[in-house]
Amino acid sequence: MNSKDQLIERLTRFYREAGGEVSSMPPIWVPGKRPTARWLQPILASLVLVALAVGLAVTIRIVRDEAHRKIVPFPIPSASPSPSSSASVTPLSSWVTRQVPFGEVTAMSLDTSAIFALYAPAPVSGGIDPSKMGLARIDRGTGAVATAGVFPYAKTLARVTAGLWVAAGPGVGDGTVGADTKWLSLVDPVTLSVRQRVRLPAQAASGSFSAPQLAGTSNLLWLGYGQSLYRLDPTTGRILLTESSPGTATSMSVDPSGHRLYVGVEVTPSQKSQDLVVEWDALTGARLASAPTGGLGLNGPHVAAAPDGVWIAYATGMMGEVEYRSAAGLSTVVGPQSGHTNGIRVFVGGGVLWLADGGAGRLACADLRTGTTVASSQETLPAAVVADASGSYLGDADGVGFLRPDPSCSH
C-alpha cells in the first residue's frame with residue numbers, strides 16, 4: 001500500500017468513527033455570536049492527517065532517491081586505460097597423471113622397463129639429509145615401486161648394459177662426513193641389490209668435497225670427480241683412462257650417438273675466469289673444444305647433450321639463463337635466454353628440450369633446436385626429467401610423476 005492509499009484509508013476511518021458529529025451542511029455564521037470550537041475539530045484533524053501524508057510521501061521519495069544514488073558508482077580515474085595483464089593469464093595446471101610418492105627426488109635415470117630415482121625419504125630442518133639417500137625403481141607399466149638403500153651421499157646415477165651405477169660422495173654444503181662415503185656401486189636394475197662397489201679415486205686437492213658426476217650410454221661410462229675425468233669400464237668400474245679438467249666438474253652428459261662428452265666446469269674464484277663448458281671425444285678422451293659460460297661461482301653449469309650440440313643452464317645470482325652451443329666448436333647457437341630462476345635445469349629426452357625450474361615451480365617443453373617454449377605446467381619443485389619415445393617422467397618434491405604433457409610438446 002502506498003502513501004496515497006494510506007491517507008484515504010485513514011480519512012475514511014476517521015469520518016466513519018465521527019458519525020453524526022460531522023454535518024454534511026457547512027456551518028452558518030451568526031454575527032455577534034462566537035462560533036464554538038467543537039465543529040472545527042474534524043476539519044483540523046483532517047488537515048493534520050493531510051500534512052502527515054504529504055510529509056510521509058516526501059520522505060519516502062527522498063529515501064528512494066538517496067538509495068538510487070548509492071548504487072550508482074562514481075567512475076574511478078585510471079592512469080593507464082589499458083586492461084590488466086592478469087585478466088588474460090590462464091592458470092597453469094600439472095602434467096602429472098599418476099604420482100608415485102616416496103620422497104624428494106634429486107637425480108633420475110631410465111631404461112625400457114623402469115624409472116630409477118635417487119631420493120631423500122623425508123625433509124630435515126627444511127632440507128634433506130644427504131646421509132640417508134635411497135634408491136627407487138618404478139615399473140613403467142604398472143607404476144609399482146621398490147626401494148633400497150641407504151646410499152649415503154648418493155649424487156648421480158647412470159644406466160648401462162651391466163646395470164645401474166650409483167655415485168656417492170659428499171659435496172659442498174654436506175658438512176662433516178665419515179671417511180667411508182666415496183663409492184661407486186653397481187646395482188641390479190631389477191632387484192636393486194648391490195653387485196659390487198668400487199672406491200672413488202682420490203682427489204688431488206686434500207679436503208675437497210666435490211660431488212661425483214656420472215654420464216654414460218649402454219656401453220660407455222664416464223666419471224667426473226673434482227678436477228679429473230675418468231673413463232670407466234661399464235661392467236667393472238675399472239679406470240680405463242684419466243683426463244685433467246680445467247675446473248671442477250659440476251655436470252656431465254653424453255650425446256645420443258655416444259661420440260661426444262660434455263662437461264660443465266666450475267672454476268675457482270682465484271682463477272679469475274668464467275665457468276666453462278668443455279667438449280671431449282667420448283671414446284678417446286681427447287679435448288675437442290671449450291667455451292666460457294655464465295654462472296661464475298654459483299655451483300657451475302648444468303649440461304644436457306643434444307644430437308647436434310649441448311644445452312646449458314646456469315644461475316647468475318639474480319636469475320637463471322639457458323643457452324645452446326653447437327657440437328662444432330661450441331659456437332653459440334641460441335642464447336643466453338633469461339626468464340628463469342636460479343634453480344633452472346635442462347634435460348633432453350624423447351626429442352624434446354625440458355626446462356625444469358624448481359624456483360618457479362614450472363616445467364616447460366621447448367623446441368630442441370631453438371629453445372622456444374611450446375607449453376608449460378605448474379609442478380612442485382621439479383628437479384629432474386627423463387623421457388624417451390614411450391613416455392616422460394618427472395622427479396619432484398614428492399616422488400616420480402608420470403607425465404602427460406601438452407600435445408604441442410610432441411616433437
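The largest nonpolar core in this predicted model has 28 residues. Phe102, Met108, Ile115, Trp354 and Val400 are the ones with the most contacts inside it. Beyond that core, the notes below walk through an open four-stranded sheet and then strand S21, whose residues 309-315 are buried.

**The nonpolar core**

- Several strands give two or more residues to this core, among them S2 (104-110), S3 (114-120) and S6 (134-139).
- Further along the chain, S25 (352-357), S26 (362-366), S28 (384-388), S29 (391-395) and S30 (399-403) also give two or more residues each.
- S28 supplies the largest share of the core, with four residues.

**The open sheet, S16 to S19**

- Four strands line up here in the order S16-S17-S18-S19, and their pairing is antiparallel.
- Why do S16 and S19 each have one side without a neighbour in the sheet? S16 (248-254) and S19 (287-293) stand at the edges and each has a single partner strand, so one side of each is left open in the sheet.
- On average, neighbouring strands of this sheet are turned by 20 degrees against each other, with direction ignored.
- If you would like to trace one pairing by eye, S18 (residues 275-281) meets S19 in the antiparallel sense over six bridges.
- A handy landmark for S18 and S19 is Val277, which stands opposite Ala291 in S19.

**Strand S21 and its surroundings**

- Strand S21 (residues 309-315) is largely enclosed by the rest of the structure, because seven of its seven residues are buried.
- Both faces of S21 are covered. On one side, Gly309, Trp311, Ala313 and Ala315 are buried, and on the other side so are Val310, Ile312 and Tyr314.

**The two partners of S21**

- S20 (residues 302-306) pairs with S21 in the antiparallel sense over five bridges, and a hairpin through two residues joins S20 to S21.
- Within this pairing, Ala305 stands opposite Val310 in S21.
- How many bridges join S21 to S22? Seven bridges link S21 to S22 (residues 320-326), and these strands run antiparallel.
- Trp311, one of the buried residues of S21, stands opposite Tyr324 in S22.
- S21 and S22 also form a hairpin, this one with four residues between them. Look for Gly317 in the turn, which has a positive phi of about 105 degrees.

Methods:
Residues are numbered from 1 along each chain as its sequence is written. This is a predicted model: local features need pLDDT of at least 70, side-chain atom pairs count only at pLDDT 80 or more; totals for chains, interfaces and linings use all residues. Side-chain values use heavy atoms; hydrogens and water are left out. Two strands pair if DSSP finds at least two bridges between them. Axes are lines fitted to C-alpha atoms, for helices over the stretch in contact, and angles run from 0 to 180 degrees between N-to-C directions. Buried means under 20% relative accessible area, exposed over 50%, partly exposed in between (1.4 Å probe, protein chains only). A nonpolar core is a set of buried Ala, Val, Leu, Ile, Met, Phe, Trp, Tyr and Cys residues joined through side-chain atoms within 4.5 Å.
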